[in-house]
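Me: I've got a chain open on my screen and I'd like to talk it through. Can you take my questions one at a time?

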Amino acid sequence: MSKMINCTNCGCLHASAQSVNSACHKCQERYHEMFEIIRQYISEHPNCTIMELAANTNVSIKSISVYTEDEKICIR
Ligand SMILES: [Zn+2]
């Protein structure tokens, strides 16, 4: 059963089956979209730095660090 909880990313109220650590649908979509952009850039520039990545993908360093913490990407 789902209940209303606050999104861990934007704080909006949304329905979720999980009780903790749940992002709303919009944030989850954005998370996957940004991940695709980052992944694509890294595959083309395997030796890029996090600074280059942020500058060339328009994804903030803070957002990129979320992916590195989740171990979705590995970058210097
Ligand atoms: Zn959200």
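Reply: Sure, and one definition first: a residue is called exposed if 12 or fewer other C-beta atoms lie within 10 Å of its own, buried if there are 20 or more, and partly exposed in between. Keep in mind that this is a predicted model.

Me: With that cut-off, is E71 buried or exposed?
Reply: E71 sits in the segment after α3. Its C-beta has 7 neighbours inside 10 Å, and the limit for this class is 12 or fewer, so E71 counts as exposed.

Me: What is the phi of E71 near?
Reply: E71 is a residue other than glycine, yet its phi is positive. The value is near 60 degrees.

Me: Which residue in the loop between α2 and α3 has a positive phi although it is not a glycine?
Reply: The loop in question comes just before α3, which covers 61-69. The residue there has a phi of about 60 degrees. It is also exposed, because just 9 other C-beta atoms lie within 10 Å. That's N58.

Me: Let's zoom out: in what order do the elements run from the N terminus on?
Reply: The protein chain has three helices and two strands. The strands come ahead of the helices, giving β-β-α-α-α.

Me: Is the chain a compact globule or more spread out?
Reply: For 76 residues the globule rule gives 11 Å, but the radius of gyration is 14 Å, well over that. The C-alpha atoms fill a box of roughly 45 × 20 × 15 Å along the principal axes. Because the radius exceeds the rule's value that clearly, the chain is more spread out than a compact globule.

Me: How much of the chain is buried?
Reply: Here a residue needs 20 or more other C-beta atoms within 10 Å. Of the 76 residues, those that make it come to 5%.

Me: Which element has the highest mean pLDDT?
Reply: The mean over the protein chain is 90, and 97% of the residues reach 70 or more. Strand β1, residues 3-6, has the lowest mean among the elements, at 90. The highest, 96, belongs to residues 50-57, which is helix α2.

Me: How many bridges join β1 to β2?
Reply: The two strands run antiparallel. Within the pairing, N6 stands opposite L13 in β2. The number of bridges is four.

Me: Which residue takes a positive phi in the hairpin of β1 and β2?
Reply: This hairpin has six residues between the strands. The phi in question is near 85 degrees, and the residue is G11.

Me: What does C12 touch, leaving out residues up to four places away in sequence?
Reply: C12 is found in the loop between β1 and β2. It is exposed, since it has 12 other C-beta atoms within 10 Å, right at the limit of 12 or fewer. Its C-alpha is 30 Å from that of Y41, a residue 29 apart in sequence. The contacts of C12 are C7 and C24.

Me: Last one: is S16 buried, exposed or partly exposed?
Reply: S16 lies in strand β2, residues 13-16, and it touches S2, K3, I5 and S22 once residues up to four places away are left out. The C-alpha atoms of S16 and M4 are separated by 6.3 Å, though 12 residues lie along the chain from one to the other. With 18 C-beta neighbours inside 10 Å, S16 falls between the two cut-offs, so the label is partly exposed.

Key: Residues are numbered from 1 along each chain as its sequence is written. This is a predicted model: local features need pLDDT of at least 70, side-chain atom pairs count only at pLDDT 80 or more; totals for chains, interfaces and linings use all residues. The radius of gyration is taken over C-alpha atoms; the globule rule is 2.2 Å times the number of residues to the power 0.38. pLDDT is the predictor's confidence in each residue, from 0 to 100. Two residues are in contact if their C-beta atoms, placed from the backbone, lie within 7 Å. Two strands pair if DSSP finds at least two bridges between them.
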